[in-house]
Amino acid sequence: MKKETTRSDELFLRATKVVPGGIYGHVAPAGGLPEVFPHYAESGKGCRFRDVDGKEWIDFLCGYGSSLLGYADPEVDEAAERQRRDGSVLNQPTERMVELAEALTDRIDFAQWAVFAKNGSDVTTWATRVAREHTGRSLVVKAKGAYHGVDAWCDPGFGGRIAEDRAAVREFVWNDLDGLTQLVEEEGEDIAALILTPYHHAAFGASEMPADGFWTGVEDLCREQGIVLVLDDVRAGFRLHEGGSHRHFGFTPDLSCYSKALGNGYAISACAGREEYRRAAREVFLTGSCWNDAVSMAAALKCIEIAKRENVVERLDLLGRRLEDGLQSQAKAHGYSFALTGPPSMPFPWFEEDDNLYAVQRFCGFCAEEGVFFHPHHNWFLCGAHAEADIDEAVEVAGRAFARMAQEKD
Ligand SMILES: Cc1ncc(COP(=O)(O)O)c(C=O)c1O
């Protein structure tokens, strides 16, 4: 049966005339997304959003993680609005920037300084350049399949690249400490930076936690060889530990990058670093037309305050475990071997023997029909505005989805 044309479809068709591809980047409609997923949203509040066709969703993607407290958090919005009345992008930075750098260096145990930009990619790329400036070396090492942003040295696409863009990048397989050691033995004297996410959260695959001893091994290798350890905490930052994800896993990076959860939806990113990298940080050019934006800095300051006050990290963990337990028991009741991989507060769904992702796509499609937004190939996010009742409602919907899948099999 032909699907009815929705306002979302109409907007997408309009967009294809004026925006290359209609929607770009990782939010573009990709193969394997449920047909009922909307292309356009209209509004968001708390853990729910409304699409342009008026359908309300319980959201488990939370603005790809940028909503830590929930959409349109009233306190964050009020702080932002107060600042907006005084000015957002002026000629100079405002006091908010100093306050925010103070708040981050207070919160992140190893950091003595912080700088700000708008996107995760701005700071991951900048951090690798700081490492090069500091060491005088050229190579950057990353884990295969890890996402660090849109720049040519690391983006997952193919367009517009020349071979030289990747000439100074080396890769190893996440958790393969022997492979990394070999790489360091062979090229260590030329390696400026090792950039890693706190755990491996590649798209289209189960998340992988660090194996026992992985982070200690990584730290030892970096310290022995003078390699700068860059933590890309853009996705997980402030969801696993309020001092940064390195605290959750028990290691210490040299530089760390944050974005998503930092501003609760206001565009901001940060790189924080140890004292010894201050000189290099001053030398590597850093600016952007709107990077001094005081509104997002005011929002970030408020977000940090609320997250601490409300103990959001612990709450997300509890909610994530509730979701995990609920989904596991529903799956089991319908004969499915299903797991949420990665940390409970940002889980990735995985069906056993579902390497082509068919089952997870079917599951997310059925849930989407009933207004639960579970993404089939990106990790999910919990936010502070999810209530136990929202989790339970989603679990109930999931139960019906598993039942429909089981019926299809019969
Ligand atoms: C781990 C990680 N690093 C970097 C980025 C890039 O951040 P942005 O999309 O803000 O440029 C992302 C974005 O999803 C990410 O998840």
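**Group meeting: a pocket and a ligand site**

Let me start with the second largest pocket, whose lining, sorted by class, comprises 19 nonpolar, ten polar and eight charged residues. Please keep in mind throughout that what we have here is a predicted model, with a mean pLDDT of 96 for the protein and 99% of its residues at 70 or more.

The volume of this second largest pocket comes to about 960 Å³, and of the 37 residues that line it, those lying nearest its centre are Phe37, Pro38, His39, Tyr40 and Phe373. Two or more lining residues are contributed by each of H1, strand E1 (41–45) and strand E2 (48–51), and the largest share, four residues, is that of H1. I would add a word on confidence here, since helix H1, which covers residues 7–18, has the lowest mean pLDDT among the elements of the protein, at 95, while the highest, 99, belongs to strand E8, residues 228–232.

Now to the ligand, around which we find Asn119, Gly120, Ser121, Tyr147, His148, Gly149, Thr197, His201, Asp232, Val234, Arg235 and Lys260. By class, this shell divides into two nonpolar, seven polar and three charged residues.

Which atoms of the ligand lie 2.7 Å from a backbone N or O atom of Gly120, and which lie 2.6 Å from the side chain of Asp232? For Gly120 the partner is an oxygen atom of the ligand, whereas for Asp232, where the contact is made by an N or O atom of the side chain, the partner is a nitrogen atom. A ligand nitrogen atom also lies 3.3 Å from a polar backbone atom of Tyr147. As for how far the ligand is covered, it exposes 390 Å² when taken alone, and the protein buries 90% of that area.

Definitions and conventions. Residues numbered from 1 in each chain as written. Predicted model: local features only at pLDDT ≥ 70, side-chain atom pairs only at ≥ 80, totals over all residues. Heavy atoms only, no water. pLDDT = per-residue confidence, 0-100. Near = heavy atom within 4 Å. Polar contact = N/O pair within 3.5 Å; in protein donor to acceptor, adjacent residues only side chain to side chain. Areas by Shrake-Rupley, 256 points an atom, 1.4 Å probe, with all protein chains shown as cover. Nonpolar A, V, L, I, M, F, W, Y, C, P; charged D, E, K, R; others polar. 1 Å grid on protein atoms, 1.4 Å probe; cavity = no way out; pocket = protein on both sides within 12 Å on 5 of 7 lines; lining within 4 Å. Points joined across faces, edges and corners; volume = space filled by probe spheres on them.
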